[in-house]
Amino acid sequence: MTLTIVPNSIAVDSDYFPTLSLAERDRRWANVRAFLSENGLDALVVFGQGRNANDSYLTNEDAHATVVFTPTDEPLSLLGDVPINRYDGAGARYERWTDSWLHGNPIANLAAVLKERSLDAATIGVVGLTSRAVGQWNGVIPFRTWSAVLTALPSVVWVDVSDAFETLTQFKSEEEQEMIRKAAALGEAACAAYVDAVRVGVRESVPTAAAVNAIIAGGGWIRAPFILERAGSHRFGWGQPEWFGMGGAPYALQKGDSIASEIFAYYGGFESQQQIDVVLGEPDKLLRELEDVCLESYHAGLAALRPGLRFAELAAIMDEPLKRSKTWNTGPMVQTVSGVLYNSATRIDPSVDPALSHLPKLPSGVGLDGDFEIGEGVVFAIEPNALRDGKRVCIGGTVMLSSRGVEELNTIPNRLVVVDA
């Protein structure tokens, strides 16, 4: 593929709200039926708990349901209660992929359905026992739920296919790519609102709220962790600010501070990410040096991205400027999005930073998390970050590899943003 950088074709303020068609439903169901055949499975049971709500891949609904899928039947959603939202005027506006559902005890219904279909001694794949999603490596199925499954269906041979199923969902169709473009456009609008709200004397909560408001007002949504944010002149931590969970006054921004957020902008269940980093007043020499490291990594990633490249190779290319510059990172330099399943290494060699010498113990890192062959339709958060001496810079947004080339779906967060102080 010849490298072509393509901007996002969806205007931030457009009155355009794409949806997935029944043709997309049929494509997905055909893919999963092929998946069953390739893996020697008689059926698949998907537990939809967790950040990525894997049930939605089969149903196009974010119900966190338990879904039964066989080679010949429509997916059956097992729900705790009757989905009455389908049947009022508001719900009637939306085309449903299937009307196949049962309410009540999901595990009792699962056992009854599998017995009714002569699958109570079958080989069945399960999604949710483990997960590639960050923080969900031990799965999303509660202990008592899985214990009840094993008790109710003692003769079923369960095969954990979570990794393979989640990887299957990484390769987006044309319709799915359009949903990603919309999600990234909402993220771009959130970045614009964020930057516009940053000024001296404003509490850090104000730009944070502006970003979230822009996403929802534009027809999008947010999911946990919702938004990450940190502000001040000295910061090497990353995550949600302490006032989120401890109370206290959000910090009031001052000249020379920087404020940064990781924005998670969703549209129709599809995630985009933006790493907005804003400085109040002209950045000092160290901030510019850290920005240069991030820019080198970002553009190296764009230049390398192509079908056939392995994720581990992309990660190594993007990590190299960080290692050479004697800086370290608190987040991956690159990860897949929608869902967040494959991550480059985090906290690479924090011992290079003298600002951490007072810590009782250096932070531990996580190495490269998995590998796969990249192809068209895979989406990334390209998010290089670099730290030293109590300063941090993180830039980047959502990038998609499509038949058009390398699509750079965000612009505002792709370098350090400077506002007047």
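Which residues point one way from β9, and which the other way? The views below come from a predicted model, and the first one takes up that question.

**View 1. Strand β9, with both faces covered.** Ser258, Ala260, Glu262, Phe264 and Tyr266 point one way from β9, while Ile259, Ser261, Ile263, Ala265 and Tyr267 point the other way. Every one of these side chains belongs to a buried residue, whichever way it points. Put as a tally for the strand, which covers residues 258-267, ten of its ten residues are buried. This is the alternation you'd look for, because in a regular strand the side chains alternate between the two faces of the sheet.

**View 2. The partners of β9 are β8 and β10.** Strand β8 (residues 227-232) runs antiparallel to β9, and six bridges join the two. Look for Gly232 here: it sits opposite Ser258 of β9. With strand β10 (residues 270-280), β9 again runs antiparallel, this time with ten bridges. One spot to check is Ile259, whose bridge partner in β10 is Val278. β9 and β10 make a hairpin with two residues between them. In that turn, Gly268 has a positive phi of about 55°.

**View 3. Strand β2, enclosed by the rest of the structure.** β2 takes in residues 43-47, and five of the five are buried, so the strand is largely enclosed by its surroundings. Ala43, Val45 and Phe47 point one way, and Leu44 and Val46 point the other. What does β2 pair with in the parallel sense? That is strand β6 (residues 123-127), over four bridges. Within that pairing, Val45 has Val126 of β6 as its bridge partner. Strand β3 (residues 66-69) pairs with β2 in the antiparallel sense, also over four bridges. There, Phe47 stands opposite Thr66.

**View 4. Phe47 meets Trp146.** A search of the whole structure turns up nine aromatic pairs. In this one, the ring centres of Phe47 and Trp146 are 6.3 Å apart and the planes sit at 80°, so the pair counts as edge-to-face. The two rings come from distant parts of the chain: Phe47 is in strand β2 and Trp146 is in helix α4 (residues 143-152), 99 residues apart. Both Phe47 and Trp146 are buried.

**View 5. Trp243 and Phe244, another edge-to-face pair.** Here the ring centres are 4.6 Å apart and the planes are at 70°, which makes the pair edge-to-face. Phe244 counts as partly exposed because its relative accessibility is 33%. Elsewhere, ring pairs link Phe171, Phe311, Tyr342 and Phe372 into a cluster.

**View 6. Helix α10, bent at Met318.** The 14 residues of α10 (residues 311-324) should span 20 Å at 1.5 Å a residue, and the end C-alpha atoms are indeed 20 Å apart. Where does the helix bend? The bend is at Met318, by about 30°, with a proline, Pro321, following within four residues. The buried residues of α10 are Phe311, Leu314, Ala315, Met318, Asp319, Pro321 and Leu322. Their cover includes α9 (285-304), β11 (334-336), β12 (379-382) and β13 (385-388). Just past the helix, Lys326 takes a positive phi of about 60°.

**View 7. Cys294 and Cys394, with no bond between them.** The whole structure has zero disulfides by this search. For Cys294, the closest cysteine sulfur is that of Cys394 at 6.4 Å, which is too far for a bond. Cys394, likewise in no disulfide, has the sulfur of Cys294 as its nearest cysteine sulfur. Cys294 counts as buried because its relative accessibility is 0%. Cys394 also counts as buried, at 3% relative accessibility.

**View 8. Asn52, a buried loop residue.** Asn52 is in the loop between β2 and α2 (56-59). Is Asn52 buried or exposed? With a relative accessible area of 17%, Asn52 is buried. Setting aside neighbours within four places in sequence, Asn52 is in contact with Ala133, Arg223, Gly339, Val340 and Leu341.

How values were computed:
Residues are numbered from 1 along each chain as its sequence is written. Side-chain values use heavy atoms; hydrogens and water are left out. The expected span of a helix is 1.5 Å times one less than its number of residues. The bend at a residue is the angle between axes fitted to the seven residues ending there and the seven starting there. Buried means under 20% relative accessible area, exposed over 50%, partly exposed in between (1.4 Å probe, protein chains only). Contact means heavy atoms within 4.5 Å. Two strands pair if DSSP finds at least two bridges between them. A disulfide is a pair of cysteine sulfur atoms within 2.5 Å. Rings of Phe, Tyr and Trp (its six-membered ring) pair if their centres lie within 6.5 Å; planes under 30 degrees apart count as stacked, over 60 as edge-to-face and the rest as tilted.
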